[in-house]
Amino acid sequence: MADYLRLGQHQQAPTKNETLMKSVLKAVTAGTVGGSMVLLSGLTLAGTIIALVVATPLLVIFSPVLVPAAIAVTLLVFGFASSGGFGLAALSVLAWMYRYLTGRHPPGADQLDHAKGVLASKARDIKESAQHKIEQVTGS
């Protein structure tokens, strides 16, 4: 342990030559990596252009079939997705209702009970108001 501490104390700062060499090595590495990425990007672009040139006549020839087929597939996918979503929502609502009716107190049950009380109060007020008006009409 003491040898390790002594070695750490006697470390010298890197010389100017070593610092310059590290900088040059970093620049060469960055240039190599960047150059290879640019080369791969160019090859990808060239491949995409060649594929587009080859595929364009086929797309033009088959477009009367492909466009309606793509529209049909899109509608089918959205239809199945929405059907599944609505089914999942219905199952969630049914599960919530089951928990509420069996007294397990699901999330939002307090709000539902409060709304039920408010609606019952308003219904009583409307009934009393209607009875009062009926009494005024028949009493006159």
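**Figure 1. Overall dimensions of the predicted chain.** In this predicted model, the chain has a radius of gyration of 39 Å, whereas a compact globule of 140 residues would have one near 14 Å. Along the principal axes, the C-alpha atoms fill a box of roughly 115 × 75 × 35 Å. Buried residues account for 1% of the 140 residues in the chain. The accessible surface amounts to about 12,400 Å², and carbon and sulfur atoms contribute 73% of this area.

**Figure 2. Secondary structure along the chain.** The chain contains 3 helices and 0 strands. Read along the sequence, these elements give the pattern α-α-α. Helix α2 comprises residues 16–101. The residues shown in the views of the aromatic pair and of L39 belong to this helix, with W96 and Y100 in helix α2 and L39 likewise in helix α2.

**Figure 3. Spans annotated as transmembrane region.** The unreviewed UniProt entry assigns the annotation "transmembrane region" to residues 38–63 and 69–96. In the predicted model, residues 38–63 are 100% helix and 0% strand, and the end C-alpha atoms of this span lie 35 Å apart. Residues 69–96 are also 100% helix and 0% strand. For residues 69–96, the distance between the end C-alpha atoms is 40 Å.

**Figure 4. Nonpolar surface patch that includes L39.** V33, M37, L39, L40 and L43 together make a nonpolar surface patch of about 510 Å². One of these residues, L39, is located in helix α2. The relative accessibility of L39 is 56%. L39 therefore counts as exposed, the cut-off being over 50%. L39 also falls within residues 38–63, one of the spans that the UniProt record annotates as "transmembrane region".

**Figure 5. Stacked aromatic pair formed by W96 and Y100.** The count of aromatic pairs comes to 1. This pair is formed by W96 and Y100, whose rings are 5.3 Å apart from centre to centre, with 5° between their planes. The pair is classed as stacked because planes under 30 degrees apart meet that criterion. W96 and Y100 are 4 residues apart in helix α2, so about one helical turn separates them. The relative accessible area of W96 is 23%, and this residue is therefore partly exposed. W96 is also the end residue of the span 69–96, which carries the annotation "transmembrane region" in the UniProt record.

Technical notes. Residues numbered from 1 in each chain as written. Predicted model: local features only at pLDDT ≥ 70, side-chain atom pairs only at ≥ 80, totals over all residues. Heavy atoms only, no water. Phe/Tyr/Trp six-rings, centres within 6.5 Å; stacked < 30°, edge-to-face > 60°. Helix = DSSP H or I, 4+ residues; strand = E, 2+ residues; numbered from the N terminus. Buried < 20%, exposed > 50% of the residue type's maximum accessible area, 1.4 Å probe, protein only. UniProt positions renumbered as here; feature names shortened; annotations may be inferred. Patch = residues over 30% accessible without salt bridge, like charges linked within 9 Å, V, L, I, M, F, W, Y side chains within 5 Å. Areas by Shrake-Rupley, 256 points an atom, 1.4 Å probe, with all protein chains shown as cover. Salt bridge = Lys/Arg side-chain N within 4 Å of Asp/Glu carboxyl O. Rg over C-alpha atoms; globule rule 2.2 N^0.38 Å.
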